[in-house]
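Biologist: Please pick out one part of this model and go through it closely. After that, set it against the rest of the assembly, one step at a time.

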Amino acid sequence: MGPLVEIRNLSKVYTRGRERIEVLHHVNLDIAQGDFLALMGPSGSGKTTLLNLIGGLDSPTEGTLEVGGQRIDRLGQSELARWRASHVGFVFQFYNLLPMLSAARNVELPLLLTKLPAAKRRRHAAIALELVGLADRAAHKPGELSGGQQQRVAIARAIVSDPTLLVCDEPTGDLDRQSAVEVLTLLQNLNRDHGKTIVMVTHDPKAAEHARHVLHLDKGTLVEAAQAAEPAW
Amino acid sequence: MVKYLPLVWSALLRRKTRTVFTLVSVIAAFLLFGLLNSVRDAFASAGRNVAAATRLITISKESFVVSLPKSLLLQIRSVPGVSAVTYANWFGGYYQHPQNQLVTEAVAPNYFDLYPEFQLPAAQLRAFHATRAGAVAGASLAERFHWRIGDEIPIEATIFPQKSGSNTWTFTLVGIYHVDDPRLQGEEGALFFNWDYFDQATAFGGGTAGWYIERIAHPQEAYRVAHEIDALSLNSDHETKTESEDAFAAAFVSQFADIGLIVGSIMGAVFFTLILLTGNTMAQAVRERIPELAILKTIGFSSRSVLALVLAESVLLLALGGAIGLALAAVAVNAIRARLGAQIPMLPVGTQAWLSGLALTIIIGLLVGALPARRGMRLRIVEALSGR
Ligand SMILES: Nc1ncnc2c1ncn2[C@@H]1O[C@H](COP(=O)(O)OP(=O)(O)O)[C@@H](O)[C@H]1O
Ligand SMILES: [Mg+2]
């Protein structure tokens, strides 16, 4: 079986007026099914850009990108939207929950796009919340939860439709040590016990320790793993 | 689609104060719409229902009982603005008993053309024209005396004996007319017979018309046409007085154009303001929710569903306010009609008003939602998430 994610010669160029910013340069990368990969690198090195491409939020300027055997670099906007709905879960630094909806309703959101009847949607959302240890907070709105709890709700939302791939952009960037550890442990469990493939961007070496592999990005280029694995601390 | 309702609803609850303020202005606008619409309907129906507004009556200036020469017929017909002329004579009389006084008129053949509110089947009208001594009775009169079509009806004359000296005029009932408008039920009690028969058989008063009835092309010309008809006989021995059959209705009709214009411009101004106001609310609501809409797209909502969500939000806001506003208008109109029905003409808020009001809420909702919705639809996830 080939890798879940296969990236070949991937480049991304942003144009702002006349200015051309090449953010990623000919990136090659395979991510195996069941991996937990941490992407590290200095600010502005293109981590978010790469993650967004893998998650199908953006399209590359050049190169190919295959996920689960499907060329997602060729998909149009609406096809990408449909693809994301069934294949990827997203977790962001600032949780990005809808403030007016309860935790349960937030988790249920991705299921609105499925044909599941209401009772099943609610049931699935409850299971996901249970999995992140927040069954008792289902009726709370995000504003009534701590940062760590909000991030766990966001993780429940990311896994509720059972995607193979989870992409997390600095999921602990806004959390205290204790909450960060809880969230990272949760991600580890999802990887180990539920077989989720996870790509996580972080600039926190302690967070990266929870991953199976660590890759470094520098000025839009992947740095040799061997040389990068050298602990800097 | 019901499953998206909590999502749409939660967006409206996000800024409760702002939503309530906007809702109140929508309610106010549609309350006004309901009230003004009811006034306009009242005027419009006065103009539509009362055929009387398009009829003038010419009588002798001297007295109602003085007849006018038949020669006036052709002259009146040639007055500009007159589209038809007919004439009638008062006959009166009673049936069987002097207590049973009747409203009986001898009328010209085209009389019923000018009174469309008297509904007479075409075959009966033909029979009336073909039967010299034929008569047509109103439905309630026929019912009162159990008259059937084909009956011979002897009427005792009170003013006009026949040339033969007999006071008894025997008519053959050839038709029964109905009046649908409940306000005109009183008109169903008359008996009409042929003017030609009257003219040939009467001992005196022949060769003259009791009064003329003109139909005019444009109600707002009533005054001018009446003036010109009276000018025909000025300084003669038979000066006339011409008036609108229902002066009140005529006044209504001539004012209707103005009322319609005033009501239309008020509503135009109100809705223009409403569109600016709700449009601003929606633009603001979407602007501050861009990151949330970006998340929906990230999760897999299509651009079109984001468009639909925002449109649904503004239509819901407008429809909710519109429904409340129209309901308040319905209550208010009923209260006003109960207390001040005589002074302020108003019709109840009917199905038509509800339908056009709710259609308006949807149109305005789509209109003010369109730009913000387009913005939501077009947002680029990556840029919106990074706050670019
Ligand atoms: N939409 C965009 N338009 C223009 N420049 C962008 C855009 N997104 C990212 N960039 C630029 O690309 C570079 C990499 O950004 P990013 O991938 O967010 O880096 P990281 O996540 O590693 O901090 C930065 O210099 C950033 O300014
Ligand atoms: Mg980043």
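In which strand of chain B does Thr86(B) lie?

Modeller: Thr86(B) belongs to strand β3 of chain B, which covers residues 82–90. Bear in mind throughout that this is a predicted model. Chain B has an average pLDDT of 89, and 92% of its residues score at least 70. For the model, the ipTM is 0.92 and the pTM is 0.69.

Thr86(B) has a relative accessible area of 0%, so the residue counts as buried, the cut-off for that label being under 20%. Its side chain makes a polar contact of 2.7 Å with the side chain of Asn110(B). Once neighbours within four places in sequence are set aside, the residues in contact with Thr86(B) are Ala108(B), Asn110(B), Tyr111(B), Leu114(B), Trp211(B), Tyr212(B) and Ile213(B). Asn110(B) is thus both the polar partner of the Thr86(B) side chain and a member of that contact list.

The next residue to follow is Glu105(B), in strand β4 of chain B, residues 103–107. Glu105(B) has a relative accessibility of 11% and therefore also counts as buried. With residues up to four places away in sequence left out, Glu105(B) touches Ala88(B), Asn89(B), Trp90(B), Phe91(B), Tyr111(B), Leu191(B), Phe192(B), Phe193(B) and Trp211(B). Tyr111(B) and Trp211(B), just named, are also in contact with Thr86(B). For Phe192(B), the separation from Glu105(B) is 87 residues in sequence but 5.0 Å in space, C-alpha to C-alpha.

Chain B in full has 388 residues, of which 47% count as buried. Its secondary structure consists of 13 helices and 11 strands. If one takes the contacts in chain B between residues at least 6 apart in sequence, 79% of them join residues at least 24 apart. The chain exposes about 18,700 Å², and carbon and sulfur atoms supply 62% of that area.

Chain A can be described in the same terms. It contains eight helices and 10 strands, and buried residues make up 50% of its 233 residues. Of the contacts in chain A with a separation of 6 or more, 70% are between residues 24 or more positions apart. The accessible surface of chain A is about 10,800 Å², and carbon and sulfur atoms account for 49% of it.

One residue to check in chain A is Asn191(A), in helix α6, residues 177–194. Its relative accessibility is 5%, so Asn191(A) counts as buried. A polar atom of the Asn191(A) side chain lies 3.2 Å from the backbone oxygen of Asp35(A). Asp35(A) is also among the residues that Asn191(A) touches beyond four places in sequence, together with Gly34(A), Phe36(A), Lys196(A), Ile198(A) and Arg212(A).

That leaves the ligand. Ligand 1 is surrounded by residues from chains A and B, so the site is shared between chains. The surrounding residues number 14, and the closest are Gly44(A), Gly46(A), Lys47(A), Thr48(A) and Thr49(A). By class, the shell comprises four nonpolar, six polar and four charged residues. In chain A, β1 (5–16), β2 (19–31) and α1 (47–54) each supply at least two residues of this shell. The largest share, three residues, comes from α1(A).

Three oxygen-atom distances help to place the ligand. A polar side-chain atom of Thr49(A) lies 2.6 Å from an oxygen atom of ligand 1. For Lys47(A), a polar backbone atom is 2.9 Å from an oxygen atom of the ligand. For Ser45(A), a backbone N or O atom lies at 3.3 Å from a ligand oxygen atom. On its own, ligand 1 would expose 560 Å², of which the protein buries 78%.

Helix α1(A) is itself mostly covered, with seven of its eight residues buried. Lys47(A) and Thr49(A) are among the buried residues, along with Leu50(A), Leu51(A), Asn52(A), Leu53(A) and Ile54(A). After α1(A) comes Gly56(A), which has a positive phi, near 75°.

Technical notes:
Residues are numbered from 1 along each chain as its sequence is written. Chains are lettered from A and ligands numbered from 1 in the order in which they are written. This is a predicted model: local features need pLDDT of at least 70, side-chain atom pairs count only at pLDDT 80 or more; totals for chains, interfaces and linings use all residues. Side-chain values use heavy atoms; hydrogens and water are left out. A residue is near a molecule or strand if one of its heavy atoms lies within 4 Å of it. A polar contact is a pair of N or O atoms within 3.5 Å; within protein, one must be able to donate a hydrogen and the other to accept it, and residues adjacent in sequence count only if both atoms are side-chain atoms. Accessible areas come from the Shrake-Rupley method with a 1.4 Å probe; for residues, only the protein chains shown count as cover. Helices (H or I, at least four residues) and strands (E, at least two) are DSSP runs, numbered from the N terminus. Ala, Val, Leu, Ile, Met, Phe, Trp, Tyr, Cys and Pro count as nonpolar, Asp, Glu, Lys and Arg as charged, and the others, Gly among them, as polar. pLDDT is the predictor's confidence in each residue, from 0 to 100. Buried means under 20% relative accessible area, exposed over 50%, partly exposed in between (1.4 Å probe, protein chains only). Contact means heavy atoms within 4.5 Å.
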